[in-house]
Amino acid sequence: MVKVLVIEDDNETARQIAEELARHGYDVDRESTGPAGLSRAATAVYDLITLDRLLPELEGLAIVETLRRKGVSTPVLVLSALGEVDERVRGLRAGGDDYMVKPFAYAELRARVEALLRRSPEPRDTVLRLGDLELDLLSRSARRGRRALDLLPRELRILEYLMRHEGQTVTRAMLFERVWGYRFDPRTNLVDVHVGRLRRKVDSPGDPPLLHTVRGVGFALHAARA
């Protein structure tokens, strides 16, 4: 499923964008402030970002520039009421891939999203592998060797995120915000409960462990290290 991040401070506009894209099969996350949008865009994997130009706390073009400096190449569609030629040029030069002036027709927004996805130079893998662990994103199924893993939808999303960040330490906050779509509450053990269930399915007795706890920080998926 194609994943889109909508960064928009107007709740009604964000809702309509999300509903339009969801109706056509996109998996949509939303953020309403500049810092929150930048944090999610920089730490999670998306196929496309729609970005409001005028955001609270951090301006949209600053977000694009920061993402490009960090090496994040996710296509960005900038949305703005600033429609003058100079403003559109600024948006594209900052690193935006397309620029739409508000108000706009949602059918056109969807068409532009589709066009950007076709142009995307780095299509996302649909089958992820680590050793004898395999996750097929099209069939939403996973295997460890010859053993099929009976994973719930949330466990599949956790596993996908960990596999896309193989060898990296993923914090509880990153998982909570990416998989559940909410701000992390350090008082909850929800992430640990779900990762614990996933670990029991991925790492059966006798298997070399792949899913590791990084004490006090979070989790990492990697092959056993000597």
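Here's a walk through one small part of this predicted model at a time, beginning with a sheet and ending with a pair of helices.

Let's begin with the sheet. Its 3 strands line up in the order 10-12-11, the pairing is antiparallel, and the sheet is open. At the edges sit strand 10 (170-171) and strand 11 (211-214), each of them pairing on one side only. Strands of a sheet pair through backbone hydrogen bonds, in either a parallel or an antiparallel way. Here, strand 11 and strand 12 (residues 218-221) run antiparallel and are joined by 4 bridges. If you want a spot to click on, try His212, whose bridge partner in strand 12 is Ala220.

Helix 6 (residues 153-164) packs on this sheet and touches strand 10, strand 11 and strand 12. Its direction makes about 70° with that of strand 12. Helix 8 (residues 190-202) also belongs in this picture: it lies across strand 11 and strand 12, and runs at about 150° to strand 11.

Now hop over to helix 2 (residues 34-43) and helix 3 (residues 60-69). Their axes come within 10 Å and cross at roughly 25°. Angles under 35 degrees count as roughly parallel, so helix 2 is roughly parallel to helix 3. As for handedness, the crossing of helix 2 with helix 3 is right-handed.

Which residues meet there? From helix 2 come Gly34, Leu38, Ala41 and Ala42, and from helix 3 come Ile63, Thr66 and Leu67. Sort the residues of this contact by type and you get 5 nonpolar, 2 polar and no charged.

Key:
Residues are numbered from 1 along each chain as its sequence is written. This is a predicted model: local features need pLDDT of at least 70, side-chain atom pairs count only at pLDDT 80 or more; totals for chains, interfaces and linings use all residues. Side-chain values use heavy atoms; hydrogens and water are left out. Two strands pair if DSSP finds at least two bridges between them. Helices (H or I, at least four residues) and strands (E, at least two) are DSSP runs, numbered from the N terminus. Contact means heavy atoms within 4.5 Å. Axes are lines fitted to C-alpha atoms, for helices over the stretch in contact, and angles run from 0 to 180 degrees between N-to-C directions. Angles under 35 degrees count as roughly parallel, over 145 as roughly antiparallel, 65 to 115 as roughly perpendicular and the rest as oblique. A crossing is left-handed if the near helix is turned anticlockwise from the far one by less than a right angle, and right-handed if clockwise. Ala, Val, Leu, Ile, Met, Phe, Trp, Tyr, Cys and Pro count as nonpolar, Asp, Glu, Lys and Arg as charged, and the others, Gly among them, as polar.
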